[in-house]
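Reader: I've got the model open on my screen and I'd like to talk through the ligand site. Can you take me around?

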Amino acid sequence: MATITHNLSEYDIRSVPSTEGMKFGIVVSEWNANITGALLQGAKDTLQKHGVMPKDIIVQTVPGSFELIYAASKMVQQPVDAVIAIGCVIRGDTPHFDYICQGTTYGLARLNTTQPVPVIYGLITTNNMQQALDRCGGKLGNKGDECAVTAIKMAALNRNI
Ligand code: DLZ
């Protein structure tokens, strides 16, 4: 969670393992594309900053965040070291927000206990558009950056265990 003391784009660069030989999958939702596009760009930029070649980053779009579960379940079967799931759900007037958030979160979490490579949780769930903008390159940094660093660390963990 981004807080007043934690910017999503800030991390200790020395804590990031080598990405040599690694490939990454990214599944990204088209809903709130202004937000998810910025998150995707952040994730790709950070992976490349740590040496991942563009050809080693597979990107697949899906209509909405709920579809991230199925896309991620397919992506983990590809030759990738980790999958980043990117979406943005913004609270509306109905309980729909809660169902999408809970369903997507549970689905992605379940993949982490049943599949061979880690799935990184890049779902932004906010009460309004401003909170989302703050987290996709705004005053709280970019959650896409955080997800990329997490993906590298988890991919390395998977190789080392
Ligand atoms: C239907 C819906 C709504 C209301 N809001 C969002 C949202 O804020 N963010 C998002 O990623 N997707 C939303 N969706 C679409 C659902 O995720 C899903 O695509 C549809 O319910 C079809 O399964």
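Author: Happy to, and one term first: Ala, Val, Leu, Ile, Met, Phe, Trp, Tyr, Cys and Pro count as nonpolar, Asp, Glu, Lys and Arg as charged, and the others, Gly among them, as polar. Keep in mind that this is a predicted model.

Reader: Good to know. How do the residues lining the largest pocket divide into nonpolar, polar and charged?

Author: The lining of the largest pocket is made up of 14 residues. Sorted by that scheme, they come out as seven nonpolar, six polar and one charged.

Reader: And which residues lie nearest the centre of that pocket?

Author: The pocket holds about 250 Å³ of space. Strand 3 and helix 3 each put at least two residues into its lining. Nearest the centre you'll find Trp-31, Val-89, Ile-90, His-96 and Ile-100.

Reader: Where does the ligand sit, then?

Author: Look at who surrounds the ligand: the list includes Trp-31, Val-89, Ile-90, His-96 and Ile-100. Those names also turn up nearest the centre of the largest pocket. So the two descriptions fit together, given that a molecule sits in a pocket if more than half of its atoms lie within 2 Å of its grid points. The space the ligand takes is the largest pocket.

Reader: Which element gives the most to the shell around the ligand?

Author: Two elements, strand 3 (82-90) and helix 3 (96-114), each supply at least two shell residues. The top contributor, with three residues, is strand 3.

Reader: What about polar contacts: how far is the ligand oxygen from the side chain of Ser-29?

Author: Start with the backbone: a polar atom of Ile-90 is 3.2 Å from a ligand oxygen, and a backbone N or O atom of Phe-66 also lies 3.2 Å from one. For Ser-29, it's a side-chain N or O atom, and the distance to a ligand oxygen is 3.4 Å.

Reader: How much of the ligand does the protein bury?

Author: Taken alone, the ligand exposes 480 Å². Of that area, the protein buries 70%.

Methods. Residues are numbered from 1 along each chain as its sequence is written. This is a predicted model: local features need pLDDT of at least 70, side-chain atom pairs count only at pLDDT 80 or more; totals for chains, interfaces and linings use all residues. Side-chain values use heavy atoms; hydrogens and water are left out. A residue is near a molecule or strand if one of its heavy atoms lies within 4 Å of it. A polar contact is a pair of N or O atoms within 3.5 Å; within protein, one must be able to donate a hydrogen and the other to accept it, and residues adjacent in sequence count only if both atoms are side-chain atoms. Accessible areas come from the Shrake-Rupley method with a 1.4 Å probe; for residues, only the protein chains shown count as cover. On a 1 Å grid over the protein atoms alone, a cavity is a set of points where a 1.4 Å probe fits but cannot get out, and a pocket is an open set with protein on both sides within 12 Å along at least five of seven lines; lining residues have an atom within 4 Å of a point. Helices (H or I, at least four residues) and strands (E, at least two) are DSSP runs, numbered from the N terminus. Grid points are joined across faces, edges and corners, and a volume is the space filled by probe spheres set on the points.
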